[in-house]
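Open the structure in your viewer and keep the sequence panel visible. This tour goes from stop to stop, saying what to select and what is there.

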Amino acid sequence: MRTSLVLAALASVLLGGTALAEPMFNRVATFSVPLNLPADRDASKKTVSEIIASNEAGTLLAYTDAEQKALGLIDITTASAPKPAGFIPLEGEPTSVVILGDKAFVVVVTSGDNFKEPAGHLATVDLKTRQVVAKCELGGQPDSIALTKDKGKLAIVIENERDEKLNKGALPQLPAGNLTLIGIKDGGADCASRQVVDLTGIAAIEPTDPEPEFVDVNQDGLAVVTLQENNHLAIVDTKTGRIVTHFSAGTVDLKNIDKTRDGEIKPVEELKGVAREPDAVRWIDTERFVTANEGDWKGGSRGFTIFRKEGTIEFDSASMVDHIAMRHGHYPEKRSAAKGSEPEGIEVGTYGNDKLIFVGLERASLVLVFKDEGAGKAPRYLQALPGGIGPEGLLAIPQRNLLVSASETDVGEKGGARSAVTIYERKEGPAAYPTIVSQDHEGLPIGWGALSGLAAHGSTAGRLFAVTDSAYTPSRILEIDATQKPARIVAGLTVTKDGKPASYDLEGIATRANGGFWLASEGNPEIKDKPTRNILLRATAKGEIEEEIHLPEELDKHAVRFGFEGVTVTGEGADETVWLAVQREWKDDPKGKTKILSYKPASKQWGVLHYPLTAPAAGAWMGLSELTYLGNETFAVIERDNLFGAKAVKTLATFSVKGLTPAAIGAAAIPTVEKKPLRDLTPDLMKAGGYGLDKVEGMAVDKAGDLFVVTDNDGVDDSSGETQFFAFGKIAQ
């Protein structure tokens with residue numbers, strides 16, 4: 001393998017931004033799939049965009065939506081302004097699609113969960129009339145479809161997938177899958193020409209039950225087919241239907257990975273003999289192809305592999321993919337014991353003189369871009385692209401310098417982001433993403449995510465500290481060099497108590513005059529089995545907890561699950577005062593007002609002010625996410641709702657406490673601060689081209705008076721993993 005050949009270039013790009021003087025992809029639009037639903041469909045119900053195709057001009061997209069049992073169309077004549085272009089109901093769950101002229105050929109599963117009698121058909125959709133005009137029965141459950149380069153045949157993978165609940169998903173579970181070939185006649189599918197290519201008896205693993213997953217065809221008419229659970233690859237001549245060759249996808253030894261789900265990103269472990277179990281596959285040229293090694297049954301090697309068509313392995317990414325995800329804050333720690341970042345999608349496209357390989361990471365929600373350097377050479381890493389949650393389908397449209405990804409995950413029912421189609425454009429100029437990355441420590445990435453609070457270094461401009469919330473354990477404090485672009489996480493320390501790693505739900509951090517920290521841990525008294533409390537923590541510069549400070553019982557009894565969200569400090573010594581922002585109203589608060597708490601360490605005295613929240617939209621809530629001292633008795637807060645997109649409320653506001661005295665706990669009258677708008681963050685979020693992130697959680701003003709804001713990606717849990725770090729320059733009050 002030639003993995004080591006790319007490491008130096010990889011580190012240079014990751015840590016120094018776009019050091020390479022070549023065009024970069026940037027996200028120009030995100031299309032929310034529910035926008036395509038007709039009026040008679042409930043837009044709150046789950047949607048999917050799985051596999052995606054385009055017309056020859058690259059102006060019309062078609063995606064499969066198995067949840068809605070339909071084919072969706074998107075007009076991208078203007079790439080930066082995609083529009084709904086059609087919704088075509090189908091008689092089952094579509095799994096893949098290709099377009100030829102004014103026809104879309106869609107493979108559809110009609111047997112549902114009947115694994116013993118799988119069934120499906122090939123539907124022909126007229127893109128002019130938006131109607132299904134023909135069907136070919138396939139005799140099994142289809143999964144992938146490809147069009148030969150001469151446009152003479154359709155190659156269809158009939159997977160006949162196993163029941164994962166039966167015998168723990170063990171193979172064999174007949175009927176076996178196959179590759180089906182159907183000719184094209186007069187622009188339509190010639191059902192009578194259907195030819196079944198038998199794939200049984202070729203794999204060493206469960207040869208009686210091949211489960212082919214994906215197919216692609218090269219210029220010579222050779223189809224490469226992945227048999228995922230069988231960890232096997234077959235090369236089929238589509239002209240004759242003959243298997244030319246076949247071979248095992250093999251295994252790989254993985255070093256410096258995180259294989260333990262324990263809340264900590266720690267790439268210090270290894271796995272040996274991991275079956276690749278490839279999913280998607282694409283030809284690079286007539287001699288080589290590349291696989292995304294997602295895994296399904298027993299394997300999944302967390303990377304991608306370049307094979308020669310006779311079975312020789314030319315390159316394997318090993319642990320590189322997981323490391324890139326870790327540096328970008330996209331690593332899905334909860335999947336460590338499974339398949340890590342889980343590469344699932346693969347695409348290849350030639351843009352000018354550059355042949356590019358795109359790798360979609362299902363669990364990390366990143367699309368990685370590599371440049372093919374030719375046979376015998378390792379591909380060169382170029383960049384990572386953010387998008388929706390769970391990118392499944394990737395589509396290169398080089399004739400328009402575009403790339404499209406389709407995300408299959410919709411967490412709208414949980415209040416999260418919807419499934420989406422993301423459009424990227426390649427042109428001269430720097431990459432807009434990432435805005436923050438981590439550097440390596442002792443040769444390994446500093447893992448991070450869920451940045452929930454920011455604080456400025458006490459004496460160095462452009463130096464910040466951040467905390468991670470309960471998405472990870474133990475708690476950590478990260479140091480950020482914000483003078484670089486992208487900003488760089490340069491160090492991290494573990495929070496300890498009594499000499500042992502400690503776990504809190506850290507939502508705020510403030511630096512103390514002596515170099516230590518004040519940390520705010522959010523409580524949740526509504527957890528039935530193990531309720532937690534809001535805690536103010538005094539820590540040393542090494543992250544050692546010196547004191548846990550709890551709220552007085554008279555106040556604590558009114559707490560709800562939305563607690564401490566920001567902390568800042570004024571004064572020092574005997575005059576030191578710690579200020580805390582409570583996210584939402586507690587039981588004893590008037591509607592629309594939340595608490596700003598004060599605490600004087602010298603006297604242990606608590607006080608309370610009220611902050612007037614903006615009224616949220618119907619069905620939403622409004623709260624505070626950060627608190628920062630600006631000087632001259634003036635503070636700044638992040639006030640936000642829990643919505644996504646252009647209509648969401650994400651703002652910075654200021655208030656002064658001049659002339660106000662915080663009320664004693666339990667007092668009948670509590671002063672209310674007067675807020676003033678400072679900055680509307682929603683346009684800044686929307687300029688990034690995504691679906692409009694909801695969790696703006698960190699803010700700091702450094703020693704030079706520069707303002708920084710960061711979003712929280714929830715540790716990639718029901719999130720796209722995207723983090724946006726903003727450097728706004730001098731703050732204007």
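The stops below cover two cores, two groups of strands, a pocket, a cavity and some backbone details. Keep in mind that this is a predicted model.

**Stop 1: the cores**

Select Phe289, Ile357, Leu368 and Phe370. They belong to the largest nonpolar core, which has 40 residues, and they touch the most other members. Now add helix α2, residues 320–327. This helix gives the most to the core, with five residues. Then move to Leu555, Ala559, Phe564 and Tyr599. These are among the 22 residues of a second core, separate from the one before.

**Stop 2: strand β21 and its partners**

Go back to Phe289 and select the whole of strand β21, residues 288–292. Is this strand covered or not? Five of its five residues are buried, so that it counts as mostly covered, buried being under 20% relative accessible area. Look at the two faces in turn. Arg288, Val290 and Ala292 are buried on one side, and Phe289 and Thr291 are buried on the other.

Next, select strand β20, residues 281–283. Three bridges join β20 to β21, and the two run antiparallel. Trp283 stands opposite Phe289 of β21. To follow the chain from β20 to β21, trace the hairpin, which has four residues as its link.

Strand β22, residues 304–308, also pairs with β21. The pairing is antiparallel, over five bridges. Which residue of β22 is the bridge partner of Val290? It is Ile306.

In general, strands of a sheet pair through backbone hydrogen bonds, either parallel or antiparallel. Turning on hydrogen bonds in the viewer may help at this stop and the following one.

**Stop 3: a sheet of four strands**

Select β40, β41, β42 and β43. They form an open sheet in that order, with antiparallel pairing. Which strands are at the edges? β40 (506–511) and β43 (545–550) are the edge strands, each pairing on one side only. On average, neighbouring strands of this sheet are turned by 20° against each other, direction ignored.

Start with β40. Although β40 is an edge strand, six of its six residues are buried. β40 is joined by five bridges to β41, residues 517–521. Within this pair, Ile509 stands opposite Leu519 of β41. The hairpin of β40 and β41 has five residues between the strands, and Gly515 there takes a positive phi near 95°.

Then go to the β42 end. Strand β42, residues 535–539, pairs with β43 in the antiparallel sense over five bridges. Select Ile535 and His550 of β43 to see one pair of bridge partners.

**Stop 4: a pocket and a cavity**

Select Asp469, Glu507, Arg561, Lys695 and Asp714. Of the 45 residues that line the second largest pocket, these lie nearest its centre. The volume of this pocket is about 1100 Å³. Colour its lining by class: eleven residues are nonpolar, 15 polar and 19 charged.

For the largest cavity, select Val109, Ser111, Gly112, Asn114, Phe115, Pro118, Gln141, Asn160 and Glu161, which line it. The space in this cavity is about 50 Å³. By class, its lining has three nonpolar, five polar and one charged residues.

**Stop 5: the backbone**

Most residues other than glycine have a negative phi, and most peptide bonds are trans. The places below depart from that pattern.

Select Thr473 and Pro474. A cis peptide bond joins them, with omega about -5°. Pro474 is in the loop between β35 (463–468) and β36 (476–481). Then select Lys485 and Pro486. The peptide bond from Lys485 to Pro486 is also cis, with omega near 0°. Pro486 lies in the loop between β36 and β37 (487–494).

Now select Glu277, in the loop between β19 (269–275) and β20. Its phi is positive, near 45°, and Glu277 is not a glycine. Last, select Asn632, in the loop between β48 (622–631) and β49 (634–641). Phi of Asn632 is positive too, near 55°.

Are these two residues buried or exposed? Glu277 is buried, because its relative accessible area is 2%. Asn632 counts as exposed, because its relative accessibility is 58%.

Terms used. Residues numbered from 1 in each chain as written. Predicted model: local features only at pLDDT ≥ 70, side-chain atom pairs only at ≥ 80, totals over all residues. Heavy atoms only, no water. Core = buried A, V, L, I, M, F, W, Y, C linked by side-chain atoms within 4.5 Å. Buried < 20%, exposed > 50% of the residue type's maximum accessible area, 1.4 Å probe, protein only. Pairing = 2+ DSSP bridges. Axes fitted to C-alpha atoms, helices over the stretch in contact; angles between N-to-C directions. 1 Å grid on protein atoms, 1.4 Å probe; cavity = no way out; pocket = protein on both sides within 12 Å on 5 of 7 lines; lining within 4 Å. Points joined across faces, edges and corners; volume = space filled by probe spheres on them. Nonpolar A, V, L, I, M, F, W, Y, C, P; charged D, E, K, R; others polar.
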